Protein chains: 4
Amino acid sequence: MRTSRLEAFSDGVLAIIITIMVLELKIPAEPTLQALGSSATGFLTYLLSFVYIGIYWNNHHHMFQVVEHVNGTVLWGNLQLLFWLSLLPVSTAWMDQTKFSRTPVVVYGVNLLLAALAYFVLQQAIFRSEGGSGLREALGRDLKGKMSLFLYVSGIALAFVSPWLSLVVFAAVAITWLVPDRRVERYLAAHESGSA
Amino acid sequence: MRTSRLEAFSDGVLAIIITIMVLELKIPAEPTLQALGSSATGFLTYLLSFVYIGIYWNNHHHMFQVVEHVNGTVLWGNLQLLFWLSLLPVSTAWMDQTKFSRTPVVVYGVNLLLAALAYFVLQQAIFRSEGGSGLREALGRDLKGKMSLFLYVSGIALAFVSPWLSLVVFAAVAITWLVPDRRVERYLAAHESGSA
Amino acid sequence: MRTSRLEAFSDGVLAIIITIMVLELKIPAEPTLQALGSSATGFLTYLLSFVYIGIYWNNHHHMFQVVEHVNGTVLWGNLQLLFWLSLLPVSTAWMDQTKFSRTPVVVYGVNLLLAALAYFVLQQAIFRSEGGSGLREALGRDLKGKMSLFLYVSGIALAFVSPWLSLVVFAAVAITWLVPDRRVERYLAAHESGSA
Amino acid sequence: MRTSRLEAFSDGVLAIIITIMVLELKIPAEPTLQALGSSATGFLTYLLSFVYIGIYWNNHHHMFQVVEHVNGTVLWGNLQLLFWLSLLPVSTAWMDQTKFSRTPVVVYGVNLLLAALAYFVLQQAIFRSEGGSGLREALGRDLKGKMSLFLYVSGIALAFVSPWLSLVVFAAVAITWLVPDRRVERYLAAHESGSA
């Protein structure tokens, strides 16, 4: 089965997730700068989750550039990734509406962790499928992916010291991923020059 | 008429249905694990409906791989399937908000049954259209599809014993469909090797 | 400019309009059949508007099969059609929530009329653009389109007798359009056999 | 990396933004023309924001017709543009619900200004990327883009005289952009005739 419709469907779901989060933003109650200011944290958590969905879209995009055929396991691996990402608008809104209480921040971190694990499971499913060897070669030991899992766990643990520390860690992980995965670009470049 | 735009439109609608269901999830009222726990059933029904939409997407995807041209009847057969699936977020939310009372569980089962019948009608429309013979050959007697219809009816009837039994049946049907329809893959493989 | 991205964008907008209408459906207040029954009109108006969006998608799909290049005027002609259609979820919800009072039913009819006029304007823009002559030839005198405009106006007028009569007219127009526009199919078939 | 998936994702996000704005429209409280009339400003601001998203879609569409390959910087340049545009439904609703008070109108103007700056940044990222020289040549000195930035700032400043003046300026900018960017069409035409 070709990947084109899987990519189109995933693009659709990610486009909707990234956009409906804005529906959870509360409109300031008064037409004043103070009222806008007290909505500022909602704006910042929206930004953080927007960046995370953007990162997943970028990496997803790169990952499937190396893959040409998918099987049923990869389809479901992809759907479970989309499932965890689809919960991000809800966990973001809960965190914001409770003014960053400990439990919602932990749940937000767990959501990020589960999405990262789902991405990892999807990668493994692709590795094991026909035509997945290219991706395995491109990603190598995937230190960056494993480091992120460790950082999410640390961020969750830090919520018991202070929820703000967790957010600093979650934002830091996002920043390390802003650069799209050059490993895939390098692999594709090497492959093309090799076959030329 | 080619199927590409029908597939793109269906992907769009299914992507939106699967994602807007999350807008029906209530954000827990308190920032506590207890409040999160009492939202757990909402989470599980969301998961069940998410899996159902995922199954329809997978099967839809497979079905149209064997079909190349569609006519007006197929277009409307497809739209009525999307119609019943689009009601799933509402029937899911009703079932959850009433804590799985009998009537909403029955309605949820009827919604699943109507979507399955609509899928059946769509298949028949494709069978009768030009170029639909491939799909008919690939699906054979379609025992699995007919078995599902029977199970939905059983699940609806069991709600009069206990709504929880219904949910067990509905979840069981979903699990039998997690494996995408290999009949189509087998047909395509046989066809390609035959023409080679 | 090629039509592919215009078609993809329109498909996206129409897929969203057809799906978010379901967000306006009220979940029944009680877990009973009576409560569901009192939501039945909402369900029927949802069905009517779903069918209308489906019709526009089908006809839009057919129209752009004959067109290969679009200019700026066609882009905006298309966007104004999407604008009027995007208001359909709101006018549907208003009509339903007021239990089909005269004014909301008139406004719903005006919305349908404006969408039909926008479609007409879009057709004219395509006729006048390069490569639009095929569509003009395919549609001929477009009696069906002109008849619909007349029926919408009649439906709006009938609301001053009884809003229910208006709904009968609006449903009747929808039924006449359930059959996708065979004129385009015939034109394409004739064209292909002519060039063969 | 090819631009096709970036275009598809952007189309998806823009299609959702342009459509979910309608969810912020309040359904009139009474089934009367007066109640509809007092919703008229909401309708007009919806129209203004719809036109703005339409303009961005048109220009985005034109811009990427000249570009064939994108790098990571362009991907993020594109996502920040989508981020600012995704806030437009919220700032539109705030402006409308406060009956065009000064602060919300200023914030709406700032939102338009930030989206325009993001578009400018995206253009610069494309200019600097491989294969971006075509766009640079096509756009020339981009007087129209720079003029818009100046007008947004003027509109924001005029809110301190009267918020209505700001809206006149914002509507005027939209009107100047209704004509899609012919510079790209001219460039493509010249390029094709040159290579012929």
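These legends go with close-up views of a predicted model.

**View 1. Helix 1 and helix 3 of chain C, packed side against side.** In this view, helix 1 (residues 4–20) of chain C meets helix 3 (residues 40–66) of chain C at an angle of about 175°, and their axes are 10 Å apart. Angles over 145 degrees count as roughly antiparallel, so helix 1 and helix 3 of chain C are roughly antiparallel to each other. On the helix 1 side, look for Leu6(C), Glu7(C), Ser10(C), Asp11(C), Leu14(C), Ile17(C) and Ile18(C). Helix 3 of chain C answers with Tyr46(C), Phe50(C), Ile53(C), Gly54(C), Trp57(C), His60(C) and Phe64(C). Sorted by class, the residues of this contact are nine nonpolar, three polar and two charged.

**View 2. Chain D against chain C.** Here 35 residues of chain D are in contact with 31 residues of chain C. The two chains bury about 2,900 Å² between them, and carbon and sulfur atoms give 77% of that area. If you would like a few residues to start from on the chain D side, try Ile27(D), Pro31(D) and Trp57(D): they lose the most area to chain C, together 21% of what that side buries.

**View 3. Polar pairs and helices where chain D touches chain C.** Two salt bridges are counted between chain D and chain C. One salt bridge to zoom in on joins the side chains of Asp11(D) and Arg5(C), at 2.7 Å from N to O. Seven residue pairs are in polar contact across this interface, both residues at pLDDT 80 or more. As for the elements involved, helix 1 (4–20), helix 2 (33–37) and helix 3 (40–66) of chain D each supply at least two residues of the side that touches chain C. Helix 3 of chain D gives the most, with 14 residues. Taken by class, this side of chain D has 22 nonpolar, nine polar and four charged residues.

**View 4. Chain D against chain A.** Now turn to the contact that takes 31 residues from chain D and 34 residues from chain A. About 2,900 Å² is buried between these two chains, with 77% of it on carbon and sulfur atoms. Three residues are worth labelling on the chain D side: Arg5(D), Phe9(D) and Trp76(D) supply 28% of the area that chain D buries against chain A, more than any other three residues.

**View 5. Polar pairs and helices where chain D touches chain A.** Between chain D and chain A the count is two salt bridges. In one of the salt bridges, the side chains of Glu7(A) and Arg5(D) meet at 3.0 Å, N to O. Eight residue pairs between chain D and chain A are in polar contact, both residues at pLDDT 80 or more. Helix 1, helix 4 (72–86), helix 5 (88–97) and helix 6 (102–128) of chain D are the elements that give two or more residues to this side. Helix 1 of chain D has the largest share, nine residues. The side of chain D that touches chain A divides into 21 nonpolar, seven polar and three charged residues.

**View 6. Two chain pairs without contact.** Which chain pairs do not touch? Chain A and chain C have no contact, and their closest C-alpha atoms lie 9 Å apart. Chain B and chain D do not touch either, with their nearest C-alpha atoms 9 Å apart.

Terms used. Residues numbered from 1 in each chain as written. Chains lettered and ligands numbered in written order. Predicted model: local features only at pLDDT ≥ 70, side-chain atom pairs only at ≥ 80, totals over all residues. Heavy atoms only, no water. Axes fitted to C-alpha atoms, helices over the stretch in contact; angles between N-to-C directions. Helix = DSSP H or I, 4+ residues; strand = E, 2+ residues; numbered from the N terminus. Parallel < 35°, antiparallel > 145°, perpendicular 65-115°, else oblique. Contact = heavy atoms within 4.5 Å. Nonpolar A, V, L, I, M, F, W, Y, C, P; charged D, E, K, R; others polar. Buried area = accessible area lost by both parts, 1.4 Å probe. Salt bridge = Lys/Arg side-chain N within 4 Å of Asp/Glu carboxyl O. Polar contact = N/O pair within 3.5 Å; in protein donor to acceptor, adjacent residues only side chain to side chain.
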